[in-house]
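Got the viewer open and a hand on the selection box? Let's take a walk through this one, stop by stop.

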Amino acid sequence: MDIPLLRLAALRIAGHHLPSAVETVRWLTALQAQDPNGAVASVALRTESGSRAGVERAFDAGQIVKSWPMRGTLHLVAAEDLPWILSLTAPRIIASAAKRRAELGLDAATLARAEETAVGALSGGGKLSRAELMAVWDEAGIGTTGQRGYHMLGYLAETGTLCFGPTRGGEQLVVLVDEWITEPRRLERDEALGELAFRYFRSHGPATVKDFTRWTNLTAADVRAGLAIARPRLASIEVGGVEHLMAPETPDVLASCRRRAKGVFLLPGFDEFMLGYLDRTTALPAEYATRVVPGGNGVFQPTVISAGRVVGTWKRGRDEPVVSPFTTLPDAVAKAIPKVYATLALRA
């Protein structure tokens, strides 16, 4: 079993692209979005049109939103999925940041004032940029300096009050969840756990239970409960003595696009091909990990993928990408990179 190639197929990077941006995000369930341009690119490269404009239209139509649903990190999710995902993941995120909020003087009364002020400013279809919301809080006497504003916004997103929705000038604006998400899915807790587990392994598999645990940051008990529900719909394989789970159809999906999967891809730095797993060594040799995350600072560089493996990093240049290969690239790979880059530029 070639794990990286199977993942390229499951993640819809190689072939079987999805019809629209919202279907792509719904398939992945959540994808990291602290780099806005990279997140849009990750969605676009999985859609049939490959259009970045199509992703922004999905933001403006209320189909995709951005919030902090997992690991205290910004993610894109399908709008209807945000409330039920938060119901599973937010309590641990909120608890983990309690000490920092206390250090910033953000007690319950202050957070309640911040919520009341934000709701007052946004009710009736209001839309504010992050900077505009900070100004509203400052004018109300709720100081936002020294990370206070960031933590107030994060807290109100994690409690399901605010999210990022439509765009203005390429920036997603803050809106009220209850107004913007008009058709939220309602799932009982066990059903939600099973749904999250199934969708992760369907879109990211083959992956391990440890990968899923890290991706969601759920408790061990919640992971077990979700897997018990999802497992009958998943296939299990053993690789190196470790169980990996995936959708039963993933090998067939790969078989239909194997030639493309073995080709060259230029992925954004925070793409799920890297960020969706605890153990990345099947695609990224350990000796090159610091080339992708220099200094272990959490900032992932865009990656060059060939035959399912990371073979270098890249950044945008005027006419061609600036590539930093780990080793000398085969001629076929070197020649393919500018062609792939040109395709990305055409679809910008």
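What follows is a tour of a few helices and the charged pairs around them. Keep in mind along the way that this is a predicted model.

**Stop 1: two crossing helices**

Start by selecting residues 189-204, which make up helix α11, and residues 220-230, which make up helix α13. Two packed helices are described by the angle between their axes and the distance between the axes. Here the axes come within 7 Å and cross at roughly 75 degrees. An angle from 65 to 115 degrees counts as roughly perpendicular, so that is the word for how α11 sits relative to α13.

Now show the side chains where they meet. On the α11 side, pick R189, D190, L193, G194, A197, F198 and F201. On the α13 side, pick D222, A225, G226, L227, I229 and A230. Colour them by class and you get 8 nonpolar, 2 polar and 3 charged residues in this contact.

**Stop 2: R189, at that crossing**

Stay with α11 and zoom in on R189, which is found in that helix. Is it buried, exposed or partly exposed? R189 counts as partly exposed, because its relative accessibility is 40%. Setting aside neighbours within four places in sequence, R189 is in contact with S87, L88 and D222.

Draw a distance between R189 and D222. Their side chains are joined by a polar contact of 2.6 Å. Switch to the C-alpha atoms and the separation is 9.6 Å, for two residues that are 33 apart along the chain.

**Stop 3: a network of charges**

Next, find E195 and R185. E195 forms a salt bridge with R185, and the closest N and O atoms are 2.9 Å apart. E195 lies in helix α11, while R185 is in the loop between α10 (177-180) and α11, so this pair ties together parts that are 10 residues apart in sequence. The two partners differ in cover: E195 is buried, with a relative accessible area of 17%, and R185 counts as partly exposed at 28% relative accessibility.

Which residues belong to the network formed by salt bridges that share partners? Select D81, R185, E195 and R199 together: salt bridges with shared partners join them into one network.

**Stop 4: a buried salt bridge**

The structure holds 12 salt bridges, so there are others to visit. For one of them, select R7 and D211, whose side chains meet at 3.8 Å, N to O. D211 lies in helix α12 (residues 209-216) and R7 in helix α1 (residues 3-10), so the pair ties together parts that are 204 residues apart in sequence. Both D211 and R7 are buried. R7 earns that label because its relative accessibility is 4%, and buried means under 20%.

While R7 is selected, bring up its surroundings. Leaving out neighbours within four places in sequence, R7 is in contact with H204, G205, P206, A207, D211, H244, F273, Y277, D279 and T282.

**Stop 5: a partly exposed salt bridge**

Now jump to E132 and R168. Their side chains meet in a salt bridge of 3.1 Å, N to O. This pair links distant parts of the chain, with E132 in helix α8 (residues 130-139) and R168 in strand β4 (residues 162-168), 36 residues apart. E132 counts as partly exposed at 31% relative accessibility, and R168 counts as partly exposed at 40%.

**Stop 6: a mostly covered helix**

Select residues 36-44, which form helix α3. How many of its 9 residues are buried? The count is 7, so α3 is mostly covered. The buried ones are G38, A39, V40, A41, S42, V43 and A44. To see what they pack against, add α2 (21-28), β1 (31-32), α4 (52-60) and β3 (73-78) to the view.

**Stop 7: T110**

Finish in helix α7, residues 108-122, where T110 lies. T110 counts as buried because its relative accessibility is 13%. Its side chain makes a polar contact of 2.7 Å with the side chain of D107. Beyond the neighbours within four places in sequence, T110 is in contact with G105, I142 and R148.

Conventions:
Residues numbered from 1 in each chain as written. Predicted model: local features only at pLDDT ≥ 70, side-chain atom pairs only at ≥ 80, totals over all residues. Heavy atoms only, no water. Axes fitted to C-alpha atoms, helices over the stretch in contact; angles between N-to-C directions. Helix = DSSP H or I, 4+ residues; strand = E, 2+ residues; numbered from the N terminus. Parallel < 35°, antiparallel > 145°, perpendicular 65-115°, else oblique. Contact = heavy atoms within 4.5 Å. Nonpolar A, V, L, I, M, F, W, Y, C, P; charged D, E, K, R; others polar. Buried < 20%, exposed > 50% of the residue type's maximum accessible area, 1.4 Å probe, protein only. Polar contact = N/O pair within 3.5 Å; in protein donor to acceptor, adjacent residues only side chain to side chain. Salt bridge = Lys/Arg side-chain N within 4 Å of Asp/Glu carboxyl O.
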